[in-house]
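I opened my notebook for a quick look through a new model. Here are my entries, in the order I made them.

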Amino acid sequence: MSGNVDELLRAWTDEGDEILPAYYLDAALRQVADTPQRSARWAAMRRYLPMSGLTRTVERPIARYGLLAAAAVAAVAVGIGIFYRPAPNVGDPPAPRAFTQTDVDRIVLGEADAPAGSAYARTDVGRSLLGPLWYLESGADLEDRGVVESRQPRALHALAGYVHARSNTFDGASRRDPRFVSTAVVFDDAESAAQAMTLHAEEYRTTWVIANPTPINLSLGDEGLLFSVPAADAEPDMEPAFFYLWRVNNLLLSVVAVEADDGEELEAMEAAVRTMALEMDRRAQRR
Amino acid sequence: MEPYLVGRAQHGDRDAFADLAAAIGDRLFSIAHRILRDRELAGDATQQALVKIWQELPTLRRVDRFDAWSHRLLVNACRDELRRQRRTPSALHLLPADAVVADSSLSMADRDQIERGFRRLSADQRAVVILQYYLDYSLAEIADVLHLPIGTVRSRLHYAKRSLRAALDADRRLGLKETQLG
């Protein structure tokens with residue numbers, strides 16, 4: 001062994017340059033020919049149309065760690081459900097009924113619930129609200145939608161049991177004001193909802209680069225998480241954000257707040273999004 | 001980086017993207033090959049990254065950050081490939097002959113040792129090493145590319161080098177022992 005590690009590494013990494021075999025370039029371009037850009041449905045949406053608060057936020061690196069944690073929490077919750085079954089008792093309350101589409105519309109915050117300084121902007125429905133799988137419209141062909149082949153099984157599983165999704169967005173007076181999004185997605189059963197969280201977590205983990213997450217515990221539903229992108233970690237093109245994600249039985253809920261400036265506005269945004277999450281959870285628990 | 005092509009591709013011009021992909025493909029492949037140490041995996045990762053670049057281009061707000069941004073997507077793709085490879089135990093990857101370049105200042109023994117040491121690193125450690133030593137990125141630039149705090153980059157680099165040094169030392173000790181036994 002000669003030389004130090006620095007010298008060796010530099011010499012080793014400098015060894016020649018490779019040429020990308022034409023096969024891979026051709027394959028990529030063939031794929032690109034059938035792959036839509038996010039421009040129409042994502043970039044424009046994220047800047048001007050307030051739809052898809054969940055998707056808007058999950059592009060933020062912060063969501064990746066958080067949702068991984070969500071997956072872990074989901075696994076624990078499922079484990080408890082399997083192994084801890086108290087003996088039946090005449091006095092036991094009946095099992096909570098599953099949520100339905102009607103419940104979703106009741107739980108998602110409406111016009112009257114707009115946080116201070118913002119106003120109801122729009123409602124969106126449909127499975128496109130389901131996180132990073134935004135391009136999966138109802139009945140969409142996975143291959144035609146440009147989902148990388150290796151991710152197709154995950155995409156299909158993440159949609160398993162999907163019933164209905166609704167999202168209401170609240171915008172401030174200007175683009176620099178915070179934007180809030182209240183979203184609910186109902187699945188056939190709790191297992192499907194938990195599975196969707198897990199698979200989305202995996203999707204985020206493999207798709208987005210990790211930032212510096214700061215998860216904060218808040219008791220919400222059966223399992224809940226809060227993620228935040230502190231101002232100090234926000235990049236020039238990535239504003240501070242707060243993102244709650246939680247599950248109640250077969251319901252997946254989220255509240256997102258983004259784009260506050262630093263300082264007092266940030267604190268107000270954090271308080272507002274917390275209030276929104278608690279209100280949605282209260283509505284969900286009141287069945 | 002070709003700002004003109006990036007700008008046109010951002011607006012959905014597939015021909016411009018084809019030119020852009022041809023312009024950056026070799027560079028991306030070189031980086032991926034150094035991280036993954038396998039031409040097939042590197043080709044797959046590059047292909048995946050190119051498609052992702054196309055998909056995400058409209059979300060890139062500053063064209064002058066294209067290089068760092070595309071390298072981030074490439075590192076993600078490499079991470080995916082490594083993970084996939086490790087999930088497939090039947091896919092045995094031996095040291096490929098094409099990973100070795102004959103015309104080099106490194107001795108065969110050095111290259112072999114560092115190759116083996118590098119393969120023991122995690123995907124994240126490999127990426128940090130390649131970004132610094134191959135692309136000559138500063139710690140701040142690596143932090144920017146990987147969306148990590150500088151402290152995290154520094155620590156990953158530190159552990160990667162320590163791990164490499166340990167692996168190389170172990171190989172050296174083993175070599176000495178074998179020599180003595182022989």
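**Entry 1: an arginine in chain B.** Which residues does B:Arg156 touch, not counting residues up to four places away in sequence? I kept in mind that this is a predicted model. I found B:Arg156 touching B:Asp124, B:Gln125, B:Val128 and B:Leu148. B:Arg156 has its place in helix H8 of chain B, which covers residues 150-181. I also looked up how covered B:Arg156 is: its relative accessible area is 18%, and the cut-off for buried is under 20%, so B:Arg156 counts as buried.

**Entry 2: chain B as a whole.** I counted eight helices and zero strands in chain B. Read from the N terminus, the elements go α-α-α-α-α-α-α-α. The chain has 182 residues, and 54% of them are buried. For contacts between residues at least 6 apart in sequence, I noted that 65% join residues at least 24 apart. The exposed area of chain B comes to about 8100 Å², with 52% of it from carbon and sulfur atoms.

**Entry 3: helix H7 of chain B.** Which residues of H7 (residues 139-146) are buried? I listed B:Ile142, B:Ala143, B:Val145 and B:Leu146. Their arc around the axis is only 165 degrees, so they sit on the same side of H7(B). A reminder to myself: an α-helix has 3.6 residues a turn, so residues three or four places apart point the same way. Just after H7(B) comes B:His147, and its phi is positive, near 55 degrees.

**Entry 4: nonpolar cores.** The largest nonpolar core has 65 residues, and those touching the most other members are B:Phe17, B:Leu20, B:Ile53, B:Leu57 and B:Phe66. Helix H2 of chain B (residues 14-36) gives the most to this core, namely 11 residues. I then found a second, separate core of 26 residues, with A:Leu220, A:Leu251, A:Leu266 and A:Met269 among them. As background, nonpolar side chains in soluble globular proteins tend to be buried together.

**Entry 5: aromatic rings.** How many aromatic pairs does the structure hold over all chains? There are five. In one of them, the ring centres of A:Tyr23 and A:Tyr24 are 5.2 Å apart and the planes stand at 75 degrees, so I logged this pair as edge-to-face. The partners differ in cover: A:Tyr23 is exposed at 55% relative accessible area, whereas A:Tyr24 is buried at 11%. A:Tyr120 and A:Phe170 also pair edge-to-face, at 6.3 Å centre to centre with 70 degrees between the planes. A:Tyr120 belongs to strand S1 (residues 118-125) and A:Phe170 to strand S2 (residues 162-172), so this pair ties together parts of chain A that are 50 residues apart in sequence. I have A:Tyr120 down as partly exposed at 29%, and A:Phe170 as buried at 0%. In chain B, I noted the charged end of B:Arg34 over the ring of B:Tyr134, 4.0 Å from its centre.

**Entry 6: a glutamate by that pair.** Which residues is A:Glu111 in contact with, leaving aside its neighbours within four places in sequence? They are A:Tyr120 and A:Phe170. A:Glu111 is in the loop between helix H6 (101-107) and S1 of chain A, and it is exposed at 59%. My last lookup was a separation: the C-alpha atoms of A:Glu111 and A:Asn168 are 8.5 Å apart, with their positions 57 residues apart along the chain.

How values were computed. Residues numbered from 1 in each chain as written. Chains lettered and ligands numbered in written order. Predicted model: local features only at pLDDT ≥ 70, side-chain atom pairs only at ≥ 80, totals over all residues. Heavy atoms only, no water. Phe/Tyr/Trp six-rings, centres within 6.5 Å; stacked < 30°, edge-to-face > 60°. Buried < 20%, exposed > 50% of the residue type's maximum accessible area, 1.4 Å probe, protein only. Helix = DSSP H or I, 4+ residues; strand = E, 2+ residues; numbered from the N terminus. Lys NZ or Arg CZ within 6 Å of the ring centre and 35° of its normal. Arc of directions from axis to C-beta. Contact = heavy atoms within 4.5 Å. Areas by Shrake-Rupley, 256 points an atom, 1.4 Å probe, with all protein chains shown as cover. Core = buried A, V, L, I, M, F, W, Y, C linked by side-chain atoms within 4.5 Å.
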